[in-house]
Amino acid sequence: MNETARRRTSSTDISRRGFIAGTSSILALGALSHADRAAAAPVPAPIPHGAHVPVLVIGTGYGGSVAALRLAQAGVDVHMVEMGMAWDTPGSDGKIFASTRTPDVRSYWLRTRTKQPISNFLGFPIDKDVPRYTGILDAEDFSGITVYQGRGVGGGSLVNGGMAVTPLRQRFGAILPSVNVNEMYNVYYPRANAALGVNNIDPAWFDSTDCYQYARVGRKHAQRSGFSFVFVPNVYDFGYMEREAAGTATRSALNAEVLYGNNYGKKTLQKTYLAQAKATGRVAISPMHKVTSVAAASGGRYTVTIEQINTTGGTTATKTVTADRVFFAAGSVGTSKLLVKLKATGALPSLNGEIGKGWGDNGNVMCGRANHAWDPTGQLQSSMPTGGIDNWDAGGAFAEVAPLPTGIETFASFYLSITKNPNRAQFSWNAAAGRVDLNWQTAWKQPSIDAAKTIFDKINSTEGTIYRTDLFGTYKIWGDHLTYHPLGGAVLNKATDNYGRLHGYQGLYVIDGALIPGNTSVNPFVTITALAERNIEKIIDTDL
Ligand code: FAE
């Protein structure tokens with residue numbers, strides 16, 4: 001079939017299957033007939049200059065992967081464009097990903113020096129020079145904050161701690177006020193948890209294994225101060241972790257793998273949504289391709305400009321393609337930066353005034369505590385956190401008991417707190433510099449520090465312990481310079497309608513963390529996934 005004939009078939013397919021989609025539930029659509037599957041033919045990767053695609057998805061993180069899978073199951077060909085690498089080929093050490101103990105060329109996105117979230121140990125700086133490379137973790141610097149993000153096919157799922165937390169139902173109204181709570185908790189959270197492969201630790205194993213001694217110390221200290229410690233589900237396969245501990249499986253979580261990828265055990269999007277999406281035959285992915293522009297074209301289509309890059313970040317080709325529909329799934333920062341630039345520079349002038357607003361850091365703040373010599377946290381620490389201290393209602397903080405997998409006894413307890421920080425920042429176009437800025441100020445972390453102190457001041461007082469001052473510099477207690485959880489910038493029901501359709505343009509959608517206004521009260525990816533499931537179901541039912 002030549003290109004024109006193929007396109008015609010593909011558009012006919014969309015309207016025919018769109019009718020089917022409008023009359024069935026999305027789960028029923030999962031079972032397309034054999035004939036439908038045989039007809040699948042997305043434009044193959046790498047996307048060629050001049051291609052036309054029915055749907056282009058920008059980014060391969062949670063939102064993008066949900067959109068691609070569900071659209072493909074509804075019979076729509078999807079092309080996903082991802083600026084990062086494919087992460088499917090082992091390096092010279094035989095592994096795809098580096099460990100946190102030995103960051104290397106693979107670890108950082110286009111930096112010549114690592115920027116580790118914990119920058120010091122015993123006061124000494126631990127960052128080191130690395131060759132500039134399209135590595136997996138981006139430490140993106142804005143004026144008042146460094147935003148950590150995953151780069152590559154799978155987005156944040158490649159680098160994150162896998163903590164898969166559904167917020168308490170009674171807190172949901174404050175997270176996404178325009179979304180029906182019952183639908184989320186009866187349909188979309190369960191759907192997201194199932195598709196992500198979320199599982200729970202066996203409490204008996206938790207109580208006995210060396211690798212969670214640090215978490216048991218965290219639990220003991222929390223409970224002795226009257227705080228509740230809750231187990232947190234994860235997408236790391238706990239069965240695999242048990243085998244690592246038993247010495248029958250190659251170590252990954254027990255080899256300090258997190259931040260720069262996990263070689264085994266973690267169910268990243270590559271193994272869940274994206275594997276399913278590819279299996280439909282309708283989804284193609286172009287890694288090392290960065291979208292730089294989307295503009296309205298004739299016939300209700302969009303012209304998308306894409307730069308193909310090499311591993312030092314240089315542009316090797318600039319491609320222009322057309323798409324009937326475009327899903328922005330470049331993450332809160334990536335989507336916001338694109339939309340703010342496109343509105344300001346006249347490519348998409350009809351986007352509304354909410355673009356770039358409502359950005360928050362999920363109240364992230366880190367700290368460590370120095371334990372007594374009789375309270376060791378263990379040399380062997382699983383890199384996957386599995387518990388937290390919930391003081392949200394009384395003090396506005398949920399503190400994840402995090403690992404410090406250095407391989408030596410540190411006598412430190414380490415925490416990443418998610419707090420009720422009300423500050424929201426805005427992205428804006430800096431015409432002089434030709435870039436998008438974010439107006440977050442470091443001082444805006446003070447409410448997060450105050451909330452975290454409601455937990456740790458009390459624990460320190462009960463235990464007779466003190467804060468560590470050597471992890472984020474010299475004599476610096478709080479890791480208040482960063483976030484792992486960027487949220488907002490194209491907020492649901494403000495910059496978009498209540499399902500992520502961008503105001504001002506038909507066929508443009510936001511489907512990632514940019515939709516969520518700054519805070520989820522817990523780790524965010526389950527909520528991002530569940531919201532994407534909700535929105536794509538509506539979009540398939542009514543728009544296609
Ligand atoms: P995301 O997963 O960031 O995907 C966006 C994708 O778009 C990325 O692959 C980008 O490379 C790509 N992209 C961006 N701009 C462009 C462009 N112009 N052209 C082409 N591609 C582009 O977005 N969350 C939890 O719930 N639990 C955890 O335990 C947890 N731990 C974390 C630990 C770390 C170190 C980090 C960095 C994050 C962690 N998170 C955690 C946050 C979580 O990974 C994040 O909220 C989601 O990944 C966001 O999902 P999105 O779909 O919004």
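**Exercise 1. Find which atom of arginine 151 faces the ligand, and follow the polar contacts from there.**

Step 1. Start at arginine 151, where a polar side-chain atom lies 3.2 Å from an oxygen atom of the ligand. A polar contact here is a pair of N or O atoms within 3.5 Å.

Step 2. Now turn to the backbone: an N or O atom of glycine 162 lies 3.3 Å from a ligand oxygen, and one of phenylalanine 525 lies 2.7 Å from a ligand oxygen.

Step 3. Look at the cover. Taken alone, the ligand exposes 1000 Å², and the protein buries 95% of that (Shrake-Rupley areas with a 1.4 Å probe).

A word on the model before going on. It is predicted, so local features need pLDDT of at least 70 and side-chain atom pairs count only at pLDDT 80 or more, while totals for chains, interfaces and linings use all residues. Residues are numbered from 1 along each chain as its sequence is written, and side-chain values use heavy atoms, with hydrogens and water left out.

**Exercise 2. Describe the shell around the ligand.**

Step 1. Count the residues: 37 surround the ligand, and the closest are Glu82, Gly156, Met163, Gly513 and Phe525 (a residue is near if one of its heavy atoms lies within 4 Å).

Step 2. Sort them: 16 are nonpolar, 17 polar and 4 charged. Gly counts as polar here; Asp, Glu, Lys and Arg are the charged ones.

**Exercise 3. Characterise the fold of the chain.**

Step 1. Tally the elements: there are 14 helices and 20 strands (DSSP runs, H or I of at least four residues for helices, E of at least two for strands).

Step 2. Check the radius of gyration: at 23 Å it is close to the 24 Å that the globule rule gives for 544 residues, so the chain is as compact as a globular protein of that length. The radius is taken over C-alpha atoms, and the rule is 2.2 Å times the number of residues to the power 0.38.

**Exercise 4. Two residues have a positive phi; decide whether each is buried or exposed.**

Step 1. Recall the background: most residues other than glycine have a negative phi.

Step 2. Tryptophan 87, with phi near 55°, sits in the loop between strand 2 (78-81) and strand 3 (120-121). Its relative accessible area is 7%, so tryptophan 87 is buried (buried is under 20%, exposed over 50%, partly exposed in between; 1.4 Å probe, protein chains only).

Step 3. Tyrosine 475 has a phi of about 55° and lies in the loop between strand 18 (466-467) and strand 19 (482-483). With a relative accessible area of 72%, tyrosine 475 is exposed.

Conventions: A residue is near a molecule or strand if one of its heavy atoms lies within 4 Å of it. A polar contact is a pair of N or O atoms within 3.5 Å; within protein, one must be able to donate a hydrogen and the other to accept it, and residues adjacent in sequence count only if both atoms are side-chain atoms.
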